[in-house]
Every structure is written in structure tokens, then in C-alpha cells.
Amino acid sequence: MSKGLKAEVEKCTGCQLCALVCSASHVGKFNPSESMMNVMDLYPEPGEVKLSYCTQCDEHPCVEECPAEAIKLNEALGTYYVDREECTGCGMCVEVCPYEGCWLDPSESYAIKCDLCGGTPQCIEVCPKGVLKR
Amino acid sequence: MADGYTGNVLRVDLSNEKTSVEPLNREWAKEFIGGKGLGARYLFEELKPGTDPLSPDNVLSIWTGPLVGTMVPLTSRYAIITKSPLTGTFLDTYAGGYFGPELKYAGFDAVIMNGKAPKPSYLWVNDGKAEIRDAKNVWGKDIFKTEELLREEVGEKAARVAGIGQAGEKLSRIAGVTSDITRNAGRGGAGAVFGSKNLKAVVAKGSLGVEVPKMDEFVKMAKEMLLKDVVENPEHAGLVTDGTPIIVDMSQDAAILPTNNWHSGQFDGYQGIDSDALKKRVFVRKKACFGCGIACGSWAKVKDGAFKGASTEGPEYETLGLAGSNCGIRNIEAVVKFAEECDRLGLDTISAGAAVGFAMDIYEKGIITNEDTGGLELKFGNEEAYAKMPEMIAERKSKIGDLLAEGTLLAARKIGKDTEKLVVHAKGSEYPAYDPRGSIGMALAYATSDRGADHNRAWPVASDAYGDGDPWSTEGKAAICHEEQIMKSYKWSMVFCDFYGVSPEGMAKYYTAVTGQPADESWLVAVGTRVWNLVRAFNVREGFSKKDDDMPERMETEPLPSGKTAGKAVPRESFDKMLAEYYQLWGWDEDGRPTKKTLEDSGLGDIAARLDYLK
């Protein structure tokens, strides 16, 4: 059983409040491009929403393949997070992730993936439709 | 500065294909906030009076505001501000979706465009930079295809597009600007202004973000407001379960549902187009705009029959009224098709629905024939002919399509034969779906709306036809219009969505949290008063006065036939009484012009000094 976020995507209305609070708490700005949750309303079948985020999968190839060993274990949670100081922004994790769960920040200097806000994910708190759970 | 604003305005000289960036006028921002107010201030300054709205000299601007792109719920909108080719008045028209926040993230509070591009073009805005690009691959294409192709061209699958379809390209005065496929800045013909400038679209993608002074405190407050004031707000319950289509039954009951070109206030087929029909027959899922905890939108898709596969977000109440009952259409599937066609081609569903209802009326009266309609049997309720009309209008096909593309009033004037009397409008803008003959305050609301007949400036119908008030008493109606026009003026300057039932105190709290500036209800009222007076001064400068603040003769002379409104009309003396009272409340003269004192008291002394009638 993975320890990451879970989503009932069929309930999602695409409002992106999760992405807003995520960027606010992590970079102090409202900026979905720097969020760890990517919300995409799909085109050309409008009305469908795709959520991309790190599920904290058991196989975690990102951890195995990271040449800088910048994806580290949060021992308390048993989950992995990106150490932005050590990440070189090489993009290997993005390449190997089977779930489109991580990506590079807009300046391409480090990888972004869900760190569960250290234990109390803000996105779960703000989601008005109860889409997200742990 | 972390105050919600990006601080930058993008200037676009389309004629010379040049762009530049200038700092936002922060003095004006403090007085007018953003959106409607700030856009109006810039437009008043920059537009030469008497300018033809479809000439290169018209100024076309897109405005956000300090709250847009933050976590303040229901502030995803943007305003297009220009002079309307439909009414000749000031025009502010809004769309939700995702474009507004994206423009902020791309680095701009506003984009102001002048001139006319030498060839079909689009504007690409990305992280503080802008570029005018060749639109040859998308000119002539519909909205759906345009959005898809432009995302490919700029190489950003999450880029947001605000653009026009064929209707705007062909300068239809009822063409809107569409973003996110179905979100329309519909009213007033902003799409034609795009078209007249050879501008297909503005495409935005940004990663610069928006900052506020104290993020931690802000998030705490926003989370609390989201839960208590949005998700758990009882005012929003109907929007969560149904959205605006719930109003169809309310209007049928109040007998104010426009039916067969306003010849009735009740429609025997209403159950085929109401919220229950929508939910049972075409509903797919709920859809939100950016940052919205309500999600009033419904994705609808037709499951079978002649219109199988047609889909739209909505249809909203106004579409169900004007393009449903007012055209005698009794099946939700047909309305979904009509709305999809309007989305695809870039037409305002209110004006297009009203125009088709009018055309059906004069077809049935024998004033136009199959020769004018390209062979279509344009009778009330003929779904097949009806569903073809958006394309006829947008592409200006057949004589009637070409005429209706000019808006219903201009079409009637060209047709002659007394058909103008059948057009239900104020200042050339077709009425939304609330018949004043069963909500007398709406006659005043439509007559005094700054962009022509409109339901988003004052909505007295809520307290009379839908509430406990007396729908035919003039008492207090001027005061409702006055008070709501002030409130909407500041609400639209903050670019809130209409559907957020936020209190003035709530709005002030948000404003302060985002900008760091103090605010309270009385300050907001001062801003709203200033904005509405400024826009009125703009319209007076364009030649508008009391003579234009009117209702169509039919509202007085043609009583409704059934239900609660049977035998009811709007007596002329009642209308005149409300209007006189309204001018008094606003401090305008007998001809409806703001006095020098009124302007000075609203902080518009500099504007007063430049108005000829005050010299």
C-alpha cells in the first residue's frame, strides 16, 4: 500500500485550489507551475480532469535512478521527498517515473514532487469536493 | 511589491506590430482597484469620444485585478473593456475559466491593444514577454480548433486562449470572446472588436506567480473563508446541486420566462429545458472555474437523437431562456446543440437566442420567407432550422443570417416594416431572460445598465418575482438598482464571480489581505460609486442620455397572457417614476447626466473638468 495521496478523480471539478495552496505553502507564491499537484482539464474531451502527482509508489524508480541521491526518505512518514539543495535538475526522475508524478520547476533547477507537506497535506484540507485523501 | 498586482501593463500596437511593457498606474489602482473600474479609467483617458467601435482607433483592453490568481475563491475572471459595437456604450464583459489567472502568472495585470494588425494575428504572452504572431493557421477556424492549434503552436499544452471564432472574424456585433472552449465574454460584441483588429486570440502561459504581503496569515484566512463562506454557504446550495438552470422553473412559476419572442411569460414545454431535464437527460459532471469551491458549471452531452454527441458547459439559465423557451424549443438536447454551436463559432447565446426568436416571429408573420432564410422553415420550435442558425449568423449565410449578425435591433431597422417594435432590448442589447412585465424593477435595471440591457448590474427580480416583494410596485426599485449597481461596480472591479455570495465585509477583508491596503464597506461603496459615475460620464460623453434609458414599447402596450402575469404590462408612468427617482438617488440631472458636484464628491473632479456639458 503506497503512502502517498489518493484521488477520486471523477469527483474533481478542476478548480486547482490544491495547486494554489501547494505553491503557497512551498514557495510562498500562488503559482500552479510550482505546485506538486498538476491539474489538467483535458482537451478535446472537456470536462475530464487529469491529476498528476507523486503517489509514493513502492517501486520508486526516481529514488533508485537519481544520480545526485537527492530524493530522500522522510523516516517519520516513510515517504520520499526531493532535497532541493542537492537536486541538480537533471530530470532523470521525470524520465523514469511511470506515473507522471514529478517534473522540473519552471527554471529547471530542481525536481518537484509531492512531499505530503511533512505529514499534513494542505491540498486535502482545501479540496472543496473531497477528492484527495491519504 | 507583494500586493497582488503584477505592476505591469502590456501595451500592444497592432498596426506597427510592436509590444511594450509599462508600469501600472498605481494611483489609479488605489482608486479603481482593477477589472471594470481600472479598465474604465484607462479607457476614459485613452479613447477619443465618438470613435467607431470597429475602427482601428477603438481601444481593446483585457483586465484582471489584484485578487485574480490568488486563493481568494471565485476570482478567476478577466474583463474585456472596450467600446461596444452592439450598443456604442462602454463595454465590460467577463469570462471565468482559467485565462485571467494565467495572464497574471504570465506577468501582466492588463493588456491594452490599439490599432489594427496588417494581417490576421494572435498575441502570445509568456512570462513577461509578448509577441505578435501570424494567425494564418487559425484564421477561419472555429474556437475549438483554434485553441487546440494555438496550444500546439506555442508549444504549451496548458496555455490558455481567449479568442474568437468565425462570428468575430466576420464582425458580428453579437460575437463574444471565448476562453477554455466554453467560457464566454459574450455580451456586447467584444469578438467583433477582436476581428476588426485582425486579432484572432490572446494566448497566455505563465509561471511567475502572484504574491501577497503575509502568505501564512493569508492562507489561514482563505482556508477558513473557503470552508465557511463558500462550501458551507447556504446561498450557494442551489448552485452546487443545479447551477443557474434551476431558475427556469422559478421563472415559469412567476410567469416571466421569455417565450416565443416575448409574447408570453410561460412556456408549455418548460419541463423539457429545465434543470431536471438537464440532470436526467444530458448531465455528465460538474465543472469549476479556477479557484472555485462551488463548481456551478455542468458538462452536458447529448446521448442520442438528431443532436447526438453535442456537448457544452451549461446551458446556463440565460441560454435556456433566450435560446430555449424564447425560440419555442422544448428539448434540452436542441439547446445543448445551439449552445455548442455558439461556443464553437464565438456567439453570445443571449443575443443569438434573442435574434433567432425575433427571426422566428417575423417568419411566422410572413415578413421574411424561405428566400431570406436560405430555405429554412424558421418557425418557433423547429429544432432543425434553429440548430442551423448560429452558423448562418456567424458565417453571415443567407439574408437573415447576415442581418442578424448585426444584432437584433440593427437587423430590424434594415428589415423595416415596423419590425423594430418586436425587438426587446435596451440600447441595442437584447434583454436577458427576465420579463419586466412580471418584475417591474427589471425594466429599470435593463434601461440603466451601462452596457445596455443586462442582468449583471442590478437584479431586482430576486426580491420581487422570486421573493416576497411586489413585482408590480415601483416602490424601492430605484433604490435596489442604485445600491446593486454600486455593489456590482466594486465587485466587478475586484473581478469576483457573480455567484459568490460574499458580503462587503468579506470583500474588504480579501482586498486588504491581498494588497495590504486598508478597506471597509464604506470605502468599497465609494469605489463602486466612483466607477459607476465614471462609466456614466463615459456614456454621456458618447452622446447617451435619458432618451436612451428606456424600455421597448411592447413592455407597456402588450400585456402578458397567462399565469401570475396575465394582463400585466409596465405602465409608462411607473417606468418614468422609477427613472426619475433613480436619477435623484445617483445625483444626476433630469437628463440623466452626473452633475459636477456628484462627480467631485465621487473623487472624479478631474473627469468633470473634461466634460463638455459641464463647461
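How many Å separate the centres of domain 2 of chain B and domain 3 of chain B? Taken over C-alpha atoms, those two centres are 27 Å apart. The legends below visit this pair of domains and then the meeting of chain A with chain B, all in a predicted model.

**View 1. Chain B and its domains.** The domain assignment splits chain B into domain 1 (8-205), domain 2 (240-425) and domain 3 (436-500 + 520-614). Notice that domain 3 is written as two stretches of residues.

**View 2. Where domain 2 of chain B meets domain 3 of chain B.** Here 24 residues of domain 2 are in contact with 20 residues of domain 3. Between them, the two domains of chain B bury about 1800 Å², and 61% of that lies on carbon and sulfur atoms. On the domain 2 side, look for Ile256(B), Trp262(B) and Lys421(B): these residues lose the most area to domain 3, together 25% of what that side buries.

**View 3. A salt bridge between the two domains.** The rule finds one salt bridge across this interface of domain 2 and domain 3 of chain B. To spot a salt bridge, find Lys564(B) and Asp253(B), whose closest N and O atoms are 3.0 Å apart. Polar contacts join in as well, with 11 residue pairs counted between domain 2 and domain 3 of chain B (both at pLDDT 80 or more). Helix H9 (247-254) and helix H11 (317-322) of chain B each give two or more residues to the domain 2 side. H9(B) gives the most, with five residues. Sorted by class, the domain 2 side has 13 nonpolar, eight polar and three charged residues.

**View 4. Where chain A meets chain B.** Now we move to the interface between the chains, where 33 residues of chain A are in contact with 41 residues of chain B. Chain A and chain B bury about 2900 Å² between them, 60% of it on carbon and sulfur atoms.

**View 5. Charged and polar pairs between the chains.** Two salt bridges are found by the rule across the interface of chain A and chain B. One salt bridge pairs Arg160(B) with Asp41(A), with 3.1 Å between the closest N and O atoms. In addition, 13 residue pairs are in polar contact between the chains (both at pLDDT 80 or more). On the chain A side, helix H1 (17-27), strand E2 (38-41) and helix H4 (122-126) each supply at least two residues. H1(A) provides the largest share, four residues. This side of chain A has 16 nonpolar, eight polar and nine charged residues.

Key: Residues numbered from 1 in each chain as written. Chains lettered and ligands numbered in written order. Predicted model: local features only at pLDDT ≥ 70, side-chain atom pairs only at ≥ 80, totals over all residues. Heavy atoms only, no water. Contact = heavy atoms within 4.5 Å. Buried area = accessible area lost by both parts, 1.4 Å probe. Salt bridge = Lys/Arg side-chain N within 4 Å of Asp/Glu carboxyl O. Polar contact = N/O pair within 3.5 Å; in protein donor to acceptor, adjacent residues only side chain to side chain. Nonpolar A, V, L, I, M, F, W, Y, C, P; charged D, E, K, R; others polar. Domains from an automatic or database assignment.
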